[in-house]
Amino acid sequence: MEPTRESLKVKLFADGADLAGMIEMASNPYISGLTTNPTLMKKAGITDYVKFAKDVLKEIQSKPISFEVFSDDLDEMKVQGEKIASWGDNVYVKVPITNTLGESTNSVVRYLSSNGVKVNVTALMTNEQVSHVLEVLNPEVASCVSVFAGRIADTGRDPMPIIKECVKTLTINPKSELIWASPRELLNVFQADALGCHIITATNDLLSKLVLVGKDLSSYSLETVQMFFNDAKSSNFNIE
């Protein structure tokens, strides 16, 4: 059976740090939420974290959006998390699974979640990490757990068995959703969907490929040939 965009149950979240692009994605009915992170902000040239976040939230109020703490100190993470959460009802606070010393941030997650803050625990790569996070999440408060399937795949491992395990682990907390993070290709969207993953985050460039879903492969082959021909011609290549 050919894949279709309409058949997808997994929620699509746009991942980026370009204000215009984020607003455009938020207006798309296929996009259920948005995420960003300090690395994306740096690449986009953002220099004022708070101003950028508040500019985004002026424009996007009806869909969830995640902003990340960036302190390496666990107590300061709690302070930053509460401030970020105060910016809007649709805000999720991203908390990395550890700080840069490898110290668990479970105390931060427990504190924020127990105080009603919606958290998005990020940079996880194992089901064991998911299990540990689950122990400190408030089951009465919405939360997300981001497993970086794309980075798992970068190590030569198949992320699908890990994601499958994580989906099963999270079933005991119906208010917590699993995010397939850092996808590498559009196929990952359909893989996440098949495994029952709740959400997949993707860049605007990757999401733009949704228009290709179900495309006739013979036509796509011809378009590829035409692209090669036109590029060679416009480059004035010749072989003498």
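The exercises below, each with a worked solution, concern the predicted model of a single protein chain.

Residues are numbered from 1 along the chain as its sequence is written. Because the model is predicted, local features need pLDDT of at least 70 and side-chain atom pairs count only at pLDDT 80 or more, while totals for chains, interfaces and linings use all residues, and side-chain values use heavy atoms, with hydrogens and water left out.

**Exercise 1. The chain as a whole**

Find how many helices and strands the chain has, and decide how its radius of gyration compares with the globule rule.

Solution. Begin with the secondary structure, in which helices (H or I, at least four residues) and strands (E, at least two) are DSSP runs numbered from the N terminus; the chain has eleven helices and eight strands. Next take the radius of gyration, computed over C-alpha atoms, and the globule rule, which is 2.2 Å times the number of residues to the power 0.38. For 240 residues the rule gives 18 Å, and the chain comes to 20 Å, which is close to that value, so the chain is as compact as a globular protein of that length. Finally, the C-alpha trace spans about 70 × 40 × 35 Å along its principal axes.

**Exercise 2. Two leucines**

Determine whether Leu-8 and Leu-57 are buried or exposed, and list what each of them contacts beyond its neighbours within four places in sequence.

Solution. First recall that buried means under 20% relative accessible area, exposed over 50%, and partly exposed in between (1.4 Å probe, protein chains only). Leu-8 lies in the segment before strand S1 (11-15), and Leu-8 is buried because its relative accessibility is 15%. Leu-57 belongs to helix H3 (residues 49-59), and with a relative accessibility of 8% Leu-57 is likewise buried. Now turn to contacts, meaning heavy atoms within 4.5 Å: with those sequence neighbours set aside, Leu-8 touches Val-189, Phe-190 and Asp-193, whereas Leu-57 touches Ile-65, Phe-67, Trp-87, Asn-90 and Val-91.

**Exercise 3. Helix H9 and its surroundings**

Name the buried residues of helix H9, and state which elements they pack against.

Solution. Helix H9 covers residues 187-194, and its buried residues are Asn-188, Val-189, Phe-190, Gln-191 and Ala-192. These buried residues pack against S1, helix H8 (160-169), strand S7 (176-180), strand S8 (199-203) and helix H10 (204-207). After H9 comes Gly-196, which has a positive phi, near 80°.

**Exercise 4. Cysteines**

Work out how many disulfides there are, and explain the case of Cys-166.

Solution. A disulfide is a pair of cysteine sulfur atoms within 2.5 Å, and by this rule the count is zero. For Cys-166 the nearest cysteine sulfur is that of Cys-197, 8.6 Å away, and Cys-166 is in no disulfide. Cys-166 is buried, at 0% relative accessibility, and Cys-197 is buried as well, with a relative accessible area of 4%.

**Exercise 5. Positive phi outside glycine**

Compare the surroundings of Ala-123 and Asn-236, asking for each where it lies and whether it is buried, partly exposed or exposed.

Solution. Ala-123 has a phi near 75°, a positive value in a residue other than glycine; Ala-123 sits in strand S5 (residues 119-124) and is partly exposed, with a relative accessible area of 33%. Asn-236 has a positive phi too, near 60°; Asn-236 lies in the segment after helix H11 (217-234) and counts as exposed, at 62% relative accessibility.
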